[in-house]
Amino acid sequence: MRSHQHELKQLLCNLRNTHTHTQQNITPDNLFVGVGSDEAIDALLRAFCRPGHDKILTCPPTYGMYSVSAQVNDITVVKAPLDANNDFSLQPHLINEMLSHDPSIKLVYICSPGNPTANTVRKEDVQAVLEHPTWNGVVVLDEAYIDFAPHGSSLAEWVTEWPNLVVMQTLSKAFGLAGIRLGAAFTSPPIARLLNSLKAPYNISNPTSQLAIAALQPKNLAVMQSNVSKILEQRERMLVEMPKIPGVGRFRGGRQSNFLLVEMLDGQGKPSNEVALAVYEQLAETKGVVVRFRGKELGCFGCLRVTVGTEEEVTRFLKELATVLREVHNTRGVKVEGTEKKTEEKAEQEASAIIA
């Protein structure tokens, strides 16, 4: 096992040194690698927040692990919601107002592309928070899905310009390597040293490191990029075909990830949590197709988050969605009972095949 992963870090730097946002180069000194992005999320909390005293700021709807880690570390979460009426865009003025009034907020977690909103955050909006005149904290940009966004969207190399910026990435999404549990945080050398000093010795195993190094070789990067291109083709197909299905409403948020956030409609053409939950459950329990119900998240009323699959998976999904929506609408005269008692985890366990 290796303690510093210098070769792996250099390959990650090579991947993100696009010179789109700066002429400076990130180096291994700018990197922390850990057990998935979740370790970086937790390490940042332990590095910068005092339990029972400090706070973090999140921008819902967003990835739930920020709040989970905060709760584990006895850190309060304050929220500056995304603008649900404007494609879930970041609201930097709202964030900065909250930072001005509460110096106990030490970290701002921003997801780009958003989960479940699938939109990238504007560079100037991130900069507006970084330039706050009095706040002395760290902006954390979570780019787990960045390889599905247009080329040059990553702000990883921008950490050379902003000492209070951390950009998190992972090999779990576009690289398809969730099983090796490897995440990275690009940041200024002082923060990188701090994070590296917090983690357990040798917590990145040699097999994990070697698999990641192999994935970052040119021939395997080409495979990843080819797979991403196929997913993007199917994403465009879903954007065209799903609205043709009766009961499918608006796509919400953006189009910069490997999933789409879409409304399910009732018989009157209005977004409906009851319909969305029934569709979600029937797809999982009777068709073996798993999507994610997001109707209880801010601004996502009546919405499902649907991950883009292979051509065959998308073909099957479109067919099964049309069938299930028709069945749900046909039985709307008899209220769907007990749906709120079932959990997403239970439905996933019951599914015989997964398209999510």
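Trainee: How do the residues of the lining of the largest cavity divide into nonpolar, polar and charged?

Mentor: In this predicted model, the lining of the largest cavity divides into 6 nonpolar, 3 polar and 2 charged residues.

Trainee: Which residues line the largest cavity, and what makes Gly183 count as polar?

Mentor: The lining consists of Leu12, Leu15, Arg16, Asp147, Gln169, Thr170, Leu171, Phe175, Leu182, Gly183 and Ala184. Because the rule places Gly among the polar residues, Gly183 is counted as polar, whereas Arg and Asp belong to the charged class, so Arg16 and Asp147 are counted there.

Trainee: What makes this space a cavity rather than a pocket, and how many cavities of 30 Å³ or more are there?

Mentor: The term cavity is kept for a set of points where a 1.4 Å probe fits but cannot get out, whereas a pocket is an open set. The count comes to 1 cavity of 30 Å³ or more, and the volume of the largest cavity is about 70 Å³. Two or more residues of its lining come from each of α1 (6-16), β6 (165-170) and β7 (183-186), and α1 provides the largest share, 3 residues.

Trainee: Why is Leu12 called buried?

Mentor: Leu12, which is found in helix α1, has a relative accessible area of 5%. Buried means under 20%, so Leu12, at 5%, meets the criterion. Leaving aside neighbours within four places in sequence, Leu12 is in contact with Leu31, Val33, Ala184, Phe186 and Leu216. Leu12 and Val166 are 154 residues apart in sequence, and their C-alpha atoms are 15 Å apart in space.

Trainee: Which other residues of α1 are buried, and what do the buried residues of α1 pack against?

Mentor: Besides Leu12, the buried residues of α1 are Leu8, Lys9, Leu11, Cys13, Leu15 and Arg16. The elements against which they pack are β1 (31-34), β6, β7, α6 (189-198), α7 (206-215) and α8.

Trainee: His21 has a relative accessible area of 17%; why is His21 buried or exposed at that value?

Mentor: His21 is called buried because its 17% lies under the 20% cut-off. The residue sits in the loop between α1 and β1.

Trainee: What makes the pairing of the side chains of His21 and Lys123 a polar contact?

Mentor: The distance between the two side chains is 3.1 Å, and the rule asks for a pair of N or O atoms within 3.5 Å, one able to donate a hydrogen and the other to accept it, so the pair qualifies. A polar atom of the His21 side chain also lies 2.8 Å from the backbone oxygen of Gly152. Among the residues that His21 touches, beyond those up to four places away in sequence, are Ser153, Ser154, Leu155, Glu157 and Trp158.

Trainee: Why does Asp54 count as buried, and where is its place?

Mentor: The relative accessibility of Asp54 is 0%, and buried means under 20%, so Asp54 counts as buried. Its place is in the loop between α2 (36-48) and β2 (55-58). The Asp54 side chain makes polar contacts with the side chains of His53, at 3.0 Å, and Lys106, at 3.3 Å.

Trainee: How is the His53 contact admitted when the two residues are adjacent in sequence?

Mentor: Residues adjacent in sequence count only if both atoms are side-chain atoms, and the contact between Asp54 and His53 joins side chain to side chain.

Trainee: How do you know on which side of α4 its buried residues lie?

Mentor: Those residues of helix α4 (residues 92-101) are Pro92, Ile95, Asn96 and Leu99. They cover an arc of only 95° around the axis, which puts them on the same side of α4. On the other side, His93 and His101 are exposed, and the cover over the buried residues includes β2, β4 (105-111) and α5 (123-130).

Trainee: What is the volume of the largest pocket, and which residues lie nearest its centre?

Mentor: The volume is about 1,000 Å³, and of the 44 lining residues Tyr63, Asn115, Tyr145, Lys173 and Arg305 lie nearest the centre. The lining divides into 21 nonpolar, 14 polar and 9 charged residues, and α8 gives the most to it, with 5 residues.

Key. Residues numbered from 1 in each chain as written. Predicted model: local features only at pLDDT ≥ 70, side-chain atom pairs only at ≥ 80, totals over all residues. Heavy atoms only, no water. Helix = DSSP H or I, 4+ residues; strand = E, 2+ residues; numbered from the N terminus. Buried < 20%, exposed > 50% of the residue type's maximum accessible area, 1.4 Å probe, protein only. Arc of directions from axis to C-beta. Contact = heavy atoms within 4.5 Å. 1 Å grid on protein atoms, 1.4 Å probe; cavity = no way out; pocket = protein on both sides within 12 Å on 5 of 7 lines; lining within 4 Å. Points joined across faces, edges and corners; volume = space filled by probe spheres on them.
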